[in-house]
Amino acid sequence: MTNQAKLGQPRSRLVIHDLAQRNGHAEFSRDIREGLSSYPKHLFPKYLYDELGSRLFEAICEVDEYYLTRAEDEILKTHADEIVAGIPDCDTLIELGSGSAEKTRTVIDTFMRQRRELLFIPVDISASTLAESAHALLDSYPSLRIDAYASDYFQALDALPPLGRNPVLVLFLGSNIGNFEPTEARNFLSAIRRVLRPEDVLLLGVDLKKDRQTLEAAYNDSLGVTRAFIVNELGRINRELNANFDLWAFGLRSFFNEQAGRVEVYLESLRAQSVEIRELNMSIHLEAGERIYVESAYKYDLNDLRRFGKEAGFDLEQTWLDKQKRFSSNLFRAAN
Ligand SMILES: C[S@@+](CC[C@H](N)C(=O)[O-])C[C@H]1O[C@@H](n2cnc3c(N)ncnc32)[C@H](O)[C@@H]1O
């Protein structure tokens, strides 16, 4: 279903393709049933981002411990001119998992200064965030056009229209790639590569391996915003599947598994408890101390990234780091 521009925006500047609505509830129900009947139990990171979850993620970006957003923002502010200048004639920017698109503004500002016009194609599973950020961007940039996809990444990559004649730049920021298992991450880069032509460019934001204390704090901040964000997935199951999770009965546990190179994020049941998920006609039991695996955040080094890129048909052309060398922005060019 395509939802043409609303709220007084000129029709020609905004199109929202709402693919997330198709089968969205059925897929959510199926995945929650599968995840909570497995042992160990697990949930899926993509379902963290309903309307409230997306707002909570924006709040995480403000907490002291979550350095990722500030580090990537610093890199983009310092190098956006060079990045855009390095893709002459590029007039299309695709962003996967665009969220509020706050950091993207730096890149859009640069396009507007260097090229005056831009087609922005944001993709995000959170339809509310996508619509809100699209309207805010149109208000800020009078010559910007937006063709937005409320959709899972893979579904949107399949649905994209043929690319125009000029090169495109794809953004995948925020170390979102870290939520994939390494094999899935490679498949995802290959799926991006399949829609690109030689000379198109991918800018991949990736968090780097570092000390345990910094990593664990980033995924369990002292204000408890990350806990609220993660526990909101149980809140979402309560709201959308008529369940009765007691949100106070879960603690957040985030561990850096150094051998696997990932931060593991769990919800831990603080007591023995049973939960009814009425819409799924399902009852689950959790022991005291039992954990539900919610997300992985893989951390990489630059050799891993170069290899991943190669395997997917990209050449790693340049990497920029923030001053404290915590985060990397990597420019991959689609190989011939
Ligand atoms: C960690 S946030 C990053 C947001 C923004 N790019 C940033 O760097 O701050 C991840 C974003 O990706 C979206 N997302 C997560 N899983 C997704 C999926 N499978 N398909 C499409 N979007 C997804 C979320 O809704 C959210 O906006």
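In this predicted model, strand β8 is joined by 8 bridges to strand β9 (residues 262-269), and these two strands run antiparallel. The protein chain that holds them is divided into domain 1 (13-20 + 65-210 + 301-334) and domain 2 (24-59 + 215-298), and the shell around the ligand draws at least three residues from each of these domains. The points below take up the antiparallel sheet, strand β4, the two domains and the ligand shell in turn.

**The sheet of β8, β9 and β12**

- Within the pairing of β8 and β9, Arg253 has Tyr266 of β9 as its bridge partner.
- The two strands belong to an open sheet of 3 strands, which has the order β8-β9-β12 and antiparallel pairing.
- Because β8 (250-257) and β12 (291-298) each have a single partner strand, they stand at the edges of the sheet, and one side of each is left without a neighbour there.
- On average, and with direction ignored, neighbouring strands of this sheet are turned by 20 degrees against each other.
- Helix α9 (residues 225-241) packs on the sheet, where it touches β8, β9 and β12, and the direction of the helix makes about 115 degrees with that of β8.

**Strand β4 and its partner β3**

- Strand β3 (residues 92-96) is joined to β4 by 5 bridges, and the two strands run parallel.
- One of the residues paired in this way is Leu93, whose bridge partner in β4 is Phe120.
- Of the 7 residues of β4, 6 are buried, so this strand is largely enclosed by the rest of the structure.

**The two domains and their contact**

- The centres of domain 1 and domain 2, taken over C-alpha atoms, are separated by 27 Å.
- The contact between the domains takes 17 residues from domain 1 and 19 residues from domain 2.
- On the side of domain 1 that touches domain 2, α3 (67-85) and α5 (127-140) each supply at least two residues.
- Sorted by class, that side of domain 1 has 6 nonpolar, 7 polar and 4 charged residues.

**The shell around the ligand**

- There are 19 residues around the ligand, and those that come nearest are Tyr49, Gly97, Gly99, Ile125 and Gly174.
- Two or more residues of the shell are given by each of the elements α2 (51-60) and β4 (118-124), and β4 is the strand described above as largely enclosed by the rest of the structure.
- By class, the shell around the ligand has 6 nonpolar, 9 polar and 4 charged residues.

Note on methods: Residues are numbered from 1 along each chain as its sequence is written. This is a predicted model: local features need pLDDT of at least 70, side-chain atom pairs count only at pLDDT 80 or more; totals for chains, interfaces and linings use all residues. A residue is near a molecule or strand if its C-beta atom, placed from the backbone, lies within 6 Å of it. Helices (H or I, at least four residues) and strands (E, at least two) are DSSP runs, numbered from the N terminus. Ala, Val, Leu, Ile, Met, Phe, Trp, Tyr, Cys and Pro count as nonpolar, Asp, Glu, Lys and Arg as charged, and the others, Gly among them, as polar. Domain bounds come from an automatic or database domain assignment. Two strands pair if DSSP finds at least two bridges between them. Axes are lines fitted to C-alpha atoms, for helices over the stretch in contact, and angles run from 0 to 180 degrees between N-to-C directions. Two residues are in contact if their C-beta atoms, placed from the backbone, lie within 7 Å. A residue is buried if 20 or more other C-beta atoms lie within 10 Å of its own, exposed if 12 or fewer, and partly exposed in between; C-beta atoms are placed from the backbone.
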